[in-house]
Amino acid sequence: MSDSSTRGGVIGARGRVEIGLVDLFDGSPERDLDFMAEFARATENAGFDGIWMPEHILFFERYDSVYPYPEAPLAANPDVKERHNKVVEGKAQVESAPDQGLLDLFQTAVEVCAATTRLRFGSSVLLLPLRNPRILAREALTVAELTGGRFDLGVGVGWSAEEFAACESDFRTRGRRCEQLVHAVTGAWRGGLDEGRALPVGCRAPRVLVGGHSPAAIRRAGTAADGWYPWNLTPAELADGLRTLEEHVEASGRSRDDLHVIAGFRGVGELSDLPEIVRRYAELGVDGINISLRMTADNYDEVMAEVAQTLGLDGGEAR
Amino acid sequence: MDIGIACAFESRQAGSLREAIRAAAVAAEDEGFASWWGLGDREVARTSSHDATLGLYCVARATRRIRLGLAGDVLAVRAAAVRAKQLATLDWFAGGRLELGIDLDDPGADLLEPGADVADPVGRSLDRLTAMEALWTQRRAEVSSPTVSFAGAIANPKPVGDRRLTVHLRNPGTPALRRVLETRGRIEAWTAWRLDPAALDAALSALRDALGADPGTVRRTWFVDAHLMPTSRAVAADAGIDELVAVFDRVPEPAELREVAA
């Protein structure tokens, strides 16, 4: 294993910036167990720091809910956003296949980390309001144990009212519930459990990063979590969010060094243009940058190699 | 009669938990055990052991033949769709070897979310089981019940073969068994969790009462503490038990498995 801080790659205002890829494992024949291992090793060999996987418990053919991230900053000119999701009756829809699936995040995390030696795995993001915190606290510790501490727990409030209804969770109060659950789970890890309950000992709890860029999400990140994970922001929006985050961090008696900030975006444009947006984010002082490249089972190794090369990552070749 | 093992996913051995599980799982398969079970939610919540689903995932990845089971999901505290995905994923990793134990009893405070209450755990659990089975078997799943409703839901992956998992009811008593029969029309498998021989006999009587007949077609599994295995084999055979499962309070070492198998 190599120490992240001594590896080469993207250097930002706070030092070396971890570069992660956002992609998915769906249990389809094209993305079977062999694919998972090969993809994970290719990611590691190319010099990336992590794989992050989104979560949806269910998909629907059509949503009344509006997908909240239809626009992504252009790689070549990240001050400008471009819409890339289809719109139905004025409502942006999530990008998904007709029979889209996603494997369970936690089992996938263990599988990916077992196939690699240093790669981290993160949730991008786990839909926290759908969980029973008494069960989640133990699950996350077990993932931390089985991945050798290489798991990051990104959490969010979701956007699909259809999914929340089917998962028996109140959509309107999901923000408040998310905050309560962050406190409940991290409190349980710190030993603040109810009488008679026990959790595994001897394993370090994962980092909890709050996804989203609403004022409430930034407040939760700054006051209750271990980090912030916004998505598809222009550099100016990210700078604003970081300023707000630091205010919350200071108000809660913590230091910016206590938090891990990862800026994620959907890669739009040419791969050769990625250094521009990565540089702009890095200069703002993020600790990590996650990129969704929508790679296929046929092209991922070439895409990874090209991106690694263009960003100057340490890896030789993807495979 | 088949012989299986169940354990808490906790290890006192040197090395990682994953490696301890892998070594034990390989040994269990080599020794001819028929099944490996993770503890139920109720037991896990009262111990410092790790999550049973993730522990069982490690067993799945280290084996090819052995049946895998969860000894007691308390569905009254688990959202159906969330649990359906976890189990379908585990079955995917296991190549279709997963079976599901259901615990219909009152969940208790250590599993309920703070401030939550479940007035009818049996009804809620059965509603959720129906919803999970819809998600596992329907391309566009639809269900409507007092607990959970959805339409047009796309849930993938599904269990291998788009099948319903074999459901083992953990000895819920005659009234609950009758309710299961009314709701589902059948009881395919039944388990007795760490009952002594007299309690096992009473539980089997309750099963016969609920069925109104000999439970010949219902698969019966009896879990006993590992050190009781030698004295339990004859009792199990006399009682018509189909599978006897040795329960360990931690991941067993291969030598302990050989001892149970002997």
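Guide: Two residues are in contact if their C-beta atoms, placed from the backbone, lie within 7 Å. Keep that in mind as we look around this predicted model.

Visitor: Happy to. Which residues is V10(A) in contact with, leaving aside its neighbours within four places in sequence?

Guide: V10(A) touches V17(A), I19(A), V278(A), A282(A) and L311(A). You will find V10(A) in strand 1 of chain A, residues 10–12.

Visitor: And is V10(A) buried or exposed?

Guide: The idea is to count the neighbours: a residue is buried if 20 or more other C-beta atoms lie within 10 Å of its own. V10(A) has 21 of them, so V10(A) is buried. For a sense of distance, the C-alpha atoms of V10(A) and G222(A) are 25 Å apart, with their positions 212 residues apart along the chain.

Visitor: What would a residue look like that is partly exposed?

Guide: Try D106(B). It has 15 other C-beta atoms within 10 Å, so it counts as partly exposed. D106(B) sits in the loop between strand 4 (98–102) and helix 5 of chain B. Its C-alpha atom is 25 Å from that of L135(B), which is 29 residues away along the chain.

Visitor: Let me step back to the whole of chain A. How many helices and strands does chain A have?

Guide: Chain A has nine helices and 15 strands. Its radius of gyration is 19 Å, close to the 20 Å that the globule rule gives for 319 residues, so chain A is as compact as a globular protein of that length. Along the principal axes, the C-alpha trace of chain A spans about 55 × 50 × 45 Å. Buried residues make up 53% of the chain.

Visitor: What share of the contacts in chain A links residues 24 or more positions apart?

Guide: Counting contacts with a separation of 6 or more, that share is 77%.

Visitor: Can we try burial on a whole strand? How many residues of strand 14 of chain A are buried?

Guide: Six of the seven residues in strand 14 (260–266) of chain A are buried, so this strand is largely enclosed by the rest of the structure. Strand 13 (227–229) of chain A pairs with strand 14 of chain A in the parallel sense over two bridges. There, G227(A) stands opposite H260(A).

Visitor: Now chain B. Which strands close into a barrel?

Guide: To read a barrel, follow the order of the strands until the ring closes. In chain B, eight strands do this in the order 1-2-3-4-7-8-9-10, with parallel pairing. Neighbouring strands of this sheet are turned by 25° against each other on average, direction ignored.

Visitor: Where could I check the pairing by eye?

Guide: Start with strand 4 and strand 7 (167–170) of chain B, which pair in the parallel sense over three bridges. G101(B) has H168(B) as its bridge partner. Then go to strand 8 (189–193) and strand 9 (219–225) of chain B, a parallel pair joined by five bridges. Here T191(B) faces T221(B). Strand 9 of chain B is mostly covered, with five of its seven residues buried.

Visitor: How do the helices lie on these strands?

Guide: Look at helix 3 (52–62) of chain B, which lies across strand 2 (35–38) and strand 3 (67–73) of chain B and runs at about 175° to strand 3 of chain B. Outside the barrel order, helix 5 (121–137) of chain B lies across strand 5 and strand 6 of chain B, at about 165° to strand 5 of chain B.

Visitor: Which strands form the open sheet?

Guide: Strand 4 of chain A, strand 6 of chain B and strand 5 of chain B, in the order 4(A)-6(B)-5(B), with antiparallel pairing. Strand 4 (59–60) of chain A and strand 5 (141–144) of chain B stand at the edges with a single partner strand each, so one side of each is left without a neighbour in the sheet. Strands 5 and 6 of chain B share three bridges, and A141(B) stands opposite A153(B). Two bridges join strand 4 of chain A to strand 6 of chain B, where F59(A) partners I154(B).

Visitor: How many residues does the contact take from each chain?

Guide: It takes 38 residues from chain A and 33 residues from chain B. Helix 3 of chain A gives the most to the chain A side, with nine residues. By class, that side has 19 nonpolar, eight polar and 11 charged residues.

Visitor: What ipTM does the predictor give the complex?

Guide: An ipTM of 0.98, along with a pTM of 0.97. For chain B, the mean pLDDT is 97.

Methods: Residues numbered from 1 in each chain as written. Chains lettered and ligands numbered in written order. Predicted model: local features only at pLDDT ≥ 70, side-chain atom pairs only at ≥ 80, totals over all residues. Pairing = 2+ DSSP bridges. Helix = DSSP H or I, 4+ residues; strand = E, 2+ residues; numbered from the N terminus. Axes fitted to C-alpha atoms, helices over the stretch in contact; angles between N-to-C directions. Nonpolar A, V, L, I, M, F, W, Y, C, P; charged D, E, K, R; others polar. Rg over C-alpha atoms; globule rule 2.2 N^0.38 Å. Buried ≥ 20, exposed ≤ 12 C-beta atoms within 10 Å, placed from the backbone. pLDDT = per-residue confidence, 0-100.
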